[in-house]
Amino acid sequence: MSEVQINTEALANLSEGERREMQSFIEQETGRLKMQSAISEFTEKCFPLCVKGSDLNAPCLQNCVSRYLDLNIHIIKSLNQMNGH
């Protein structure tokens, strides 16, 4: 991901409503990027295991993605517990 430069002076001039809108936009984009990253990661991990040539082993792919998601959910819950959430 490329780094985004933010003009803090311009942010300071935003109204409260514009700040809330900007925060909401940033949260939505962050969530979208996380989802795209997760899809890319489990594609890289699961497809080589479950797709051989033109043969797709659907149960293998479903199991691999499920294990990947379960692991990520477990990690997020653990991090939230460590942070007191």
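**Exercise 1.** Which helix supplies the largest share of the lining of the largest pocket, and how many residues does that helix contribute?

*Solution.* The model under study is predicted.

Step 1. Identify the contributing helices: H2 (16-50) and H3 (58-82) each give at least two residues to the lining of the largest pocket.

Step 2. Assign the largest share: H2 provides eight residues of this lining.

Step 3. Place the result in context. The lining comprises 14 residues, and those nearest the centre of the pocket are Lys34, Met35, Ala38, Asn72 and Ile76. The space in this pocket amounts to about 360 Å³. By class, nine lining residues are nonpolar, three are polar and two are charged.

**Exercise 2.** Determine how H2 and H3 are oriented with respect to each other.

*Solution.*

Step 1. Select the descriptors: a pair of packed helices is described by the angle between the axes and the distance between them.

Step 2. Read the values: the packing angle of H2 and H3 is about 140°, and their axes lie 9 Å apart.

Step 3. Classify the angle. Roughly antiparallel requires an angle over 145 degrees, and roughly perpendicular covers 65 to 115. H2 and H3 are therefore oblique to each other.

Step 4. Add the handedness: the crossing of H2 past H3 is right-handed.

**Exercise 3.** State which residues of H2 and H3 meet, and describe their classes.

*Solution.*

Step 1. List the H2 side: Ala38, Glu41, Phe42, Lys45, Cys46, Phe47, Leu49 and Cys50.

Step 2. List the H3 side: Cys60, Leu61, Cys64, Val65, Tyr68 and Leu69.

Step 3. Sort by class: the contact of H2 with H3 contains twelve nonpolar residues, two charged residues and no polar residues.

Notes. Residues are numbered from 1 along each chain as its sequence is written. This is a predicted model: local features need pLDDT of at least 70, side-chain atom pairs count only at pLDDT 80 or more; totals for chains, interfaces and linings use all residues. Side-chain values use heavy atoms; hydrogens and water are left out. On a 1 Å grid over the protein atoms alone, a cavity is a set of points where a 1.4 Å probe fits but cannot get out, and a pocket is an open set with protein on both sides within 12 Å along at least five of seven lines; lining residues have an atom within 4 Å of a point. Grid points are joined across faces, edges and corners, and a volume is the space filled by probe spheres set on the points. Helices (H or I, at least four residues) and strands (E, at least two) are DSSP runs, numbered from the N terminus. Ala, Val, Leu, Ile, Met, Phe, Trp, Tyr, Cys and Pro count as nonpolar, Asp, Glu, Lys and Arg as charged, and the others, Gly among them, as polar. Axes are lines fitted to C-alpha atoms, for helices over the stretch in contact, and angles run from 0 to 180 degrees between N-to-C directions. Angles under 35 degrees count as roughly parallel, over 145 as roughly antiparallel, 65 to 115 as roughly perpendicular and the rest as oblique. A crossing is left-handed if the near helix is turned anticlockwise from the far one by less than a right angle, and right-handed if clockwise. Contact means heavy atoms within 4.5 Å.
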